[in-house]
Amino acid sequence: KLDESGEADQLRRQHAEHFVALGEEAEPVLLGGDPLETLDRLEREHDNLRAAFDRAEAAGETELPLRLGGAVWEFWCLRGHAQEGWRRLEAALAAGGAATQSRAKALTGSAHLANEAGASIETQVDRAEQALALHRELGDAWGIAYGELQVAGAIAERGELEEAQGLFEESARRLHELGDEHHALQATRALAWTYEELGDRERSKELHRENLARSRASGNRLMEARSLGSLGAVLGDEGRLDESLPLLAEAYRLDRELGDPGEIVLDLYRLACALAAAARPEPAARLLSCGDVLQDEVATTLPGWGIAMRERALALVREQLHEDALAEAQEQGRELTADEAVELALAEFGQE
């Protein structure tokens, strides 16, 4: 009946424009520190967002898909839709369009999602560098600061840690000066990671503790979770289980509230790594196995450091358990939910 009315094209365009407006309204909240309500709303409207994309692509439009994708890429990231989001962004970018702010944002989103979507590291570096170049061409101060963060993250994944460290530090400074505390915290967290990887663990822990305090002071639950997880992981690697477990458990609780499946997988691996480093191989093996099952379910791709952390934990577990005991613990882990695996691990050490 809609087609018979003769108004179908007009109404479909109005529908698409409405959901582009919704995405752009959500964008600053998504890029802030506590987007839970907005994430839930976009999840409810996800099929409408898809319909808006499909309609615009079918009509041969170029700017509208770039606007929508450039606005909601963080939603795709935080709610486990990285592969779908990256495919849509890549299609929108390939369709052409002018060197607009929308295109710069879409390139930013593509760079952000590339790793989780399974794209090569060279693709991730390429998109990040294109985004930064276009933000510079457009004179977008925030885009430049965030672009430096993205390029630093991409080249760090490629192993260029010293160069990445300088870019992370510059990005954190720019973002702080622009008043974007959320992304300044992200850049500082990444900077702390480079210090750890380059052997300065004390400086790394110092920066993570500063980030945790700043996150809590500003009520930024997302970055509080990331800071708890990072600091807990460093302490866990040092065998300081009594200090590490409460931090990692709190990070897991916050990520469960925020509904980020990729971070939940990493939280399970962080806990496993800490337990394995403290010679607690059985609960570590259960957590690793549970995390593997969840990773398959949500089809997330781990960052390079996440893969290395999982492999390090598994190697420690194999050193400590006989083959039969390892197989039994892994089978138990496959039957547990993430909540059950974490609860069992914490209960063994008197944690709630």
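The expected span of a helix is 1.5 Å times one less than its number of residues. Keep that rule handy for the close-ups below, which all come from a predicted model.

**View 1. Helix α8, its length and its buried residues.** Let's try the rule on α8, which runs over residues 121–138 and has 18 residues. From first C-alpha to last, α8 reaches 26 Å, close to the 26 Å expected at 1.5 Å a residue. Which residues of α8 are buried? They are Gln124, Val125, Arg127, Ala128, Ala131, Leu132, Leu134 and His135. The cover over these buried residues includes α6, α7 (101–114) and α9 (141–157). Just past the end of α8 you'll find Gly139, with a positive phi of about 70 degrees.

**View 2. Helix α11, from its length to the glycine that follows.** Here the rule gets a second outing: α11 (residues 181–197) has 17 residues and spans 24 Å between its first and last C-alpha, close to the expected 24 Å. Now look at what surrounds this helix. Of the 17 residues of α11, 14 are buried, so α11 is largely enclosed by the rest of the structure. Following α11 comes Gly199, and its phi is positive too, near 100 degrees.

**View 3. Helices α10 and α11 packed together.** Stay with α11 and bring in a partner, α10 (residues 161–177). The two helices pack at an angle of about 155 degrees, and their axes are 8 Å apart. Angles over 145 degrees count as roughly antiparallel, so that is the label for α10 and α11. On the α10 side, the contact is made by Leu161, Gln165, Phe168, Glu169, Ser171, Ala172, Leu175 and His176. On the α11 side, the residues taking part include Ala184, Ala187, Leu191, Trp193 and Tyr195. Sort the residues of this contact by character and you get 10 nonpolar, 6 polar and 3 charged. The crossing of α10 and α11 is left-handed.

**View 4. Helices α4 and α6, a contact with charged residues.** In this close-up, α4 (residues 46–58) packs against α6 (residues 82–94) at an angle of about 20 degrees, with 12 Å between the axes. Since angles under 35 degrees count as roughly parallel, α4 is roughly parallel to α6. The crossing here is left-handed. Which residues meet? From α4 come His46, Arg50, Phe53, Asp54 and Glu57, and from α6 come Glu84, Arg88 and Ala91. Split by character, the contact has 2 nonpolar residues, 1 polar and 5 charged.

**View 5. Helices α16 and α17, plus the loop before α16.** Start in the loop between α15 (261–277) and α16 (281–298), where Ala279 sits. Take a look at its backbone: phi of Ala279 is near 60 degrees, a positive value in a residue other than glycine. Moving on to the helices, the axes of α16 and α17 come within 10 Å and cross at roughly 140 degrees. That angle makes α16 and α17 oblique to each other. From α16, the contact uses Pro281, Ala284, Ala285, Leu288 and Asp292, while α17 supplies Arg310, Ala313, Leu314, Val317 and Gln320. The tally for this contact is 7 nonpolar, 1 polar and 2 charged.

**View 6. Arg310 up close.** Zoom in on Arg310, found in α17 (residues 304–320). Is Arg310 buried or exposed? Its relative accessible area is 17%, and buried means under 20%, so Arg310 counts as buried. Leaving aside neighbours within four places in sequence, Arg310 is in contact with Tyr269, Leu288 and Asp292.

**View 7. Gly229 and Ala233 in helix α13.** Two residues share this last view, and α13 holds both Gly229 and Ala233. Gly229 has 0% relative accessibility and counts as buried, and Ala233, at 17%, counts as buried too. Not counting residues up to four places away in sequence, Gly229 touches Leu248, Ala251 and Arg270, while Ala233 touches Leu248 and Arg270. Now compare sequence with space. Ala233 and Cys273 are 40 residues apart in sequence, yet their C-alpha atoms are 7.6 Å apart. For Gly229 and Asp255, the separation is 26 residues in sequence and 9.9 Å from C-alpha to C-alpha.

Terms used:
Residues numbered from 1 in each chain as written. Predicted model: local features only at pLDDT ≥ 70, side-chain atom pairs only at ≥ 80, totals over all residues. Heavy atoms only, no water. Axes fitted to C-alpha atoms, helices over the stretch in contact; angles between N-to-C directions. Helix = DSSP H or I, 4+ residues; strand = E, 2+ residues; numbered from the N terminus. Parallel < 35°, antiparallel > 145°, perpendicular 65-115°, else oblique. Left-handed = near helix turned anticlockwise from the far one by under 90°. Contact = heavy atoms within 4.5 Å. Nonpolar A, V, L, I, M, F, W, Y, C, P; charged D, E, K, R; others polar. Buried < 20%, exposed > 50% of the residue type's maximum accessible area, 1.4 Å probe, protein only.
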